[in-house]
Amino acid sequence: MDSRQLRYFVKVVETGNLTRAAAALHVAQSAVSMHMRHLENDLGVQLLVRSRAGVVPTEQGRLLFEHARTILRQFAQARQEVVSLGREPHGEVALGIPAPVGPVLVRPLLDHLRAQAPKVVPHIVEAMSGYLLEWLHSGRLDAAILFDVQPLSGLRRTVLGVENMYLVGQAAAFGEGQVVPMAELPSYPLIIPGRMHGMNMLIRKAVNQQGISPDIRVEVDSVAEILSLVKAGYGYTILAPMGFYRELQEGGISVARVQDPPIQRTLISATAEARPLSQATEVLLDGAHAILKAFTRRQSA
């Protein structure tokens with residue numbers, strides 16, 4: 001198994017057709033077919049199911065496809081970093097972020113890169129924290145912004161700030177500066193993210209420590225949809241300012257800080273200890289750190 005076979009295999013799976021893969025790779029179809037046979041023979045398993053309609057990967061093929069994409073990406077990064085050492089940072093950086101971070105980070109980060117490192121191309125992946133952590137370990141991400149509620153072994157971490165959590169309701173639900181003791185949370189029907197979301201883990205951990213049984217009505221894996229349901233009166237949610245500050249500014253919601261005890265989350269950035277950081281990743285993280293640290297400082301002031 002070599003990098004050429006993996007490159008051909010990835011293209012075959014992506015296009016679903018040997019002829020289209022060969023055209024994209026600028027080689028003869030017979031060469032692609034030969035490499036696919038050699039790859040299957042070498043591994044001793046069937047990787048592709050062939051038919052008149054095209055090809056689809058087997059279960060073993062899907063597994064190899066995920067590994068192959070990561071391996072090829074690391075090959076490209078290694079070459080890029082060696083060639084560009086000491087030069088202006090450039091190249092693609094895959095950064096994973098939870099949905100609430102996007103409105104705070106993305107535009108300021110693009111402005112930062114435009115001014116400081118215009119040749120760095122950010123590939124921003126928005127997903128739930130559980131998936132981001134998995135993709136960071138597998139090499140699909142160069143770095144991720146996470147909430148410090150999950151095991152982080154094998155990762156470098158940088159603390160970016162601590163946010164207090166708020167109960168979020170319709171515009172008239174809470175007055176300015178209002179607080180809600182945690183013991184009163186069962187009085188509020190809650191809409192929260194699903195169990196792969198860091199927010200879900202944080203909320204459940206906090207209430208369990210206090211022996212409280214919250215009234216969770218539904219789990220929705222979209223912060224935007226959760227806020228839409230809250231504004232429509234379907235219930236309440238628990239979020240940090242990063243998740244709701246735009247809606248609060250627009251007047252569509254009201255919030256009350258949870259206290260006695262407070263629910264807090266720590267925002268971090270993480271990278272894999274086993275992989276060196278490229279210049280492009282470092283300059284992107286420098287910008288992301290400054291932006292998110294400034295935001296959390298303003299919210300706690």
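A salt bridge here is a side-chain nitrogen of Lys or Arg within 4 Å of a carboxyl oxygen of Asp or Glu, and the structure holds 8 of them. The model is predicted, so local features need pLDDT (the predictor's confidence in each residue, from 0 to 100) of at least 70, side-chain atom pairs count only at pLDDT 80 or more, and totals for chains, interfaces and linings use all residues. Residues are numbered from 1 along each chain as its sequence is written, and side-chain values use heavy atoms, with hydrogens and water left out.

**Confidence**
- The protein chain has a mean pLDDT of 88, with 97% of its residues reaching 70 or more.

**Salt bridges**
- Glu-40 and Arg-50 meet through their side chains in a salt bridge of 3.2 Å, N to O, which links helix H3 (residues 29-43) to strand E1 (residues 48-51); helices (H or I, at least four residues) and strands (E, at least two) are DSSP runs, numbered from the N terminus.
- Glu-40 counts as buried at 13% relative accessibility, whereas Arg-50, at 40%, counts as partly exposed; buried means under 20% relative accessible area, exposed over 50%, and partly exposed in between (1.4 Å probe, protein chains only).
- In the pair of Arg-204 and Glu-219, the closest N and O atoms are 2.6 Å apart; Arg-204 lies in helix H7 and Glu-219 in strand E10, so the pair ties together parts 15 residues apart in sequence.

**Sheet**
- An open sheet of 4 strands follows the order E8-E12-E7-E11 with mixed pairing, where two strands pair if DSSP finds at least two bridges between them.
- Strands E8 (179-181) and E11 (237-239) stand at the edges, each with a single partner strand, so one side of each is left without a neighbour in the sheet.
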